Amino acid sequence: MSAAEEVVTEGQAVEAVPKRAMTLGTGTSLVVLALLLVVPLFVKNFIIFQMTMLLIYGVAVLALNILTGGSGQFSLGQSAFYAIGAYTSAILMEHANINYALTLPVAGIICFAVGFLFGQPALRLSGVYLALATFALATAMPQLLKLGFFEHWTGGVQGLVVTKPDAPFGLPMSQDMWLYYFTLAITIAIYVGSVNLLRSRSGRAFMSIRDNEIAASSMGVNVSLYKTLAFGVSAGITGIAGGLGAIAVQFVAPDSYTITLAISLFLGMVVGGVGWLPGSFVGSAFIIFVPNIAEGISKGLSGAVFGVLLFLVIFLIPHGARQIAIVGQQLAGRLRR
Amino acid sequence: MLLTGLRTAALAAVAIVCVSQSALAQKKYDTGASDTEIKIGNIMPYSGPASAYGVIGKTEQAYFNKINAEGGINGRKIKFISYDDGYSPPKAVEQARKLVESDEVLVVFNPLGTPSNSAIQKYLNGKKVPQLFVATGATKWNDPKDFPWTMGWQPSYQSEAHIYAKYLLKEKPDARIGVLYQNDDFGKDYLKGLKDGLGAKASMIAAEESYETTEPSIDGHIVKLKATGVGVFISITTPKFAAQAIKKLAEIDWHPLHIVSNVSASVGGVIKPAGFENSQGILSAAYAKDGADSQWDNDPGMKKFLDFLAKNYPEGNRLDGSVVYGYGVAQTLVKVLQMCGDDLTRANVMKQAASLKDFEPDTLLPGIKINTSATDFAPIEQLQMMRFKGEKWDLFGDIISGELSN
């Protein structure tokens, strides 16, 4: 069997998702947006903080979704990009006194560069091998952050404390609420940008690579360029999420960005539905709230309870939240008739 | 006329202030305290890499159950709310906010881990919520000026290291020291304490080797240290690695003066697995009694502890140092809350925690006392040196204070 045949006959790693099925309808989007805008006015600061974290992890899962759902490449190393973004923001804010909002694009650009460079050697790998290579990146990151060489900037094992920004222009808002709306604005920008990216020529190139590399290259798609580009974009967005995370949590330390985070993000993507962008936020809610529910059921066995809940989700709705959304749409359609 | 009028007014004002103060002093509450209940929050790694320490939270819960069964504190029951952070700082922030803003606890008590506590310190101090008796030995918790709402409990790693430095300067002033340390906040803090303690003679440290907790074996580091020909081996290690080191030393027939950190001085957890015959003559320092050590079987304080295990916490293992720890720290909190009387405000809790005088929890070594003041937020600062002999630790020398000068 030739190499070409091998690739062709190899089962598809990621199911093909048509690009229209990647987003929500306009009506639903507006309702969700209205809810996101209004709810914080009526809830406690703690809930607002949790919603902020939901958006931040949602953006990180979205980034992974572009990589895996869009271009068909796996990554277990997103925590590394998240950490680089978080440290970039924290260091710029605390050592260079740069405004928090300005640190985010820097975090994004640095992570894009790192992701793009990492994508170069990763080109030679695919499927589980690529997953393993990125896994190595995630395991190495906490140790790199501890290195004595960087300690002056990173604070070494003790981490760095970040100052939380106040609402600007004297707006009568708590820090939490301001940070929430700030995060929401960035999230919407990234979401809209991502949807447009996947609908563009580059997005079609990503998806053609996902569906069949050989066909894509024979149609003139520069496979290696687009593969590394997908890595770069995904890493860049993850970096912005990391920067936001550092500002919201007010603290960065090597122990915050272990492989557990990478696996959580991966989990969020699968639960939300691979390749379905709105699902990223459903998945993010899953990784934030379900461990709390599991802990409420049993403190000693929280891990096991979480495992059972996860298993149920995967077993009952293997395509994640997307499946529920499709069923919901069909029901709505039937009612209309 | 005018003068007398003023004087009367002033006197009246003073009288009113006095009356209102005494009226207020009778009963005063902040969020989380009431006539019937005191809410105490806690964060523990019940899951994740440090889940072995989760026992501390369970012991504390059992201890508070015992106090409640005995009628509570001044008639108020303790409601202990403990959450899991999986040893992850962002999760610790989420849980701390949940405790303060959603459960509305009076204090956050004994949250575990240096990274997790660093992450929540600024938030809790900003909210003026006590972060009381944190479960970490980092030195930075004793900083009442910058963080008046944060207080440690156990001796800091640096003060313990000072004690070894003092001992070595006195007993072996010409020794060359080899140090094996864990490459994290614990190991580095400790190494700094050792160097500071040796002061001008820090050059006595001839070799330093660090290891990562992810390494399966530390044999290579030990062989390297032996090759440098040092006469003193200081093992700044967590239990699993301390036991490996003791075994390896016996295996390669190397017999330097061996000091293990207090973290790994547990007879049940380290010495026994490493073998009694390999552990003779090892030095360490302690502040708490070891549940595995038979010399405390008739000690009144330890009897109370064993009684508690039998009646209130049968699943607790007396050999586990975390159980002894949880008991001691929970007892200290109960003492502070008793001292608060009916003034259960957050400010008063901190004030009382900073006025402990010669308090001796049941599980601390005889002679070791908890003392705090408005400028001293380090409750336990004393330790005693000990040498392993036969099947138990022999305490020797005076109780030494490792108090840090800064």
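Over how many bridges do strand 2 and strand 3 of chain B pair, and in which sense? To find out, select residues 37–44 of chain B, which form strand 2, and then add strand 3 of chain B: the two strands pair in the parallel sense over eight bridges. Please keep in mind throughout that this is a predicted model.

**The sheet in chain B**

With strands 2 and 3 still selected, add strands 4 and 5 of chain B, and you will have the four strands of an open sheet, which runs in the order 3-2-4-5 with parallel pairing. Strand 3 and strand 5 (131–132) of chain B are the edge strands, each of them pairing on one side only. As a point of orientation, show the side chain of B:Ile38, which stands opposite B:Ile78 in strand 3 of chain B. In general, the strands of a sheet pair through backbone hydrogen bonds, and they do so in either a parallel or an antiparallel way.

**Chain B as a whole**

Now widen the selection to all of chain B, where you will find 12 helices and 13 strands. The radius of gyration of this chain is 23 Å, close to the 22 Å that the globule rule gives for 406 residues, and chain B is therefore as compact as a globular protein of that length. Its C-alpha trace spans about 90 × 50 × 45 Å along the principal axes, and 52% of its 406 residues are buried.

Next, colour chain B by its domain assignment, which gives domain 1 (37–155 + 296–375) and domain 2 (157–286 + 385–401). The C-alpha centres of domain 1 and domain 2 of chain B lie 29 Å apart, and the contact between these domains takes 11 residues from domain 1 and 11 residues from domain 2. On the side of domain 1 of chain B that touches domain 2 of chain B, the residues divide into five nonpolar, five polar and one charged.

**Chain A**

Move on to chain A, whose secondary structure comes to 15 helices and two strands. Here the radius of gyration is 20 Å, close to the 20 Å that the globule rule gives for 337 residues, so chain A is as compact as a globular protein of that length. The C-alpha trace of chain A spans about 60 × 60 × 45 Å along its principal axes, and buried residues make up 47% of the 337 residues in the chain. Among contacts in chain A between residues at least 6 apart in sequence, 78% join residues at least 24 apart.

**Where the chains meet**

Display both chains together and turn to their interface, where 24 residues of chain B are in contact with 25 residues of chain A. On the chain B side, the elements that give two or more residues are strand 3 (77–84), helix 3 (89–102), helix 4 (114–127) and helix 6 (185–198). Helix 3 of chain B gives the most to this side, with eight residues, and by class the side of chain B that touches chain A has nine nonpolar, five polar and 10 charged residues.

**The nonpolar core**

Finally, select A:Val59, A:Ala60 and B:Ala96, which touch the most other members of the largest nonpolar core, a set of 208 residues. Helix 3 of chain A (residues 45–71) supplies the largest share of this core, 16 residues. Domain 1 and domain 2 of chain B both give residues to this core, so the core lies between them. To end the tour, centre the view on A:Val59: leaving aside residues up to four places away in sequence, A:Val59 touches A:Thr187, A:Ile190, A:Ile237, A:Ile240 and A:Ala241.

Terms used:
Residues numbered from 1 in each chain as written. Chains lettered and ligands numbered in written order. Predicted model: local features only at pLDDT ≥ 70, side-chain atom pairs only at ≥ 80, totals over all residues. Rg over C-alpha atoms; globule rule 2.2 N^0.38 Å. Buried ≥ 20, exposed ≤ 12 C-beta atoms within 10 Å, placed from the backbone. Core = buried A, V, L, I, M, F, W, Y, C linked by C-beta atoms within 7 Å. Domains from an automatic or database assignment. Contact = placed C-beta atoms within 7 Å. Nonpolar A, V, L, I, M, F, W, Y, C, P; charged D, E, K, R; others polar. Pairing = 2+ DSSP bridges.
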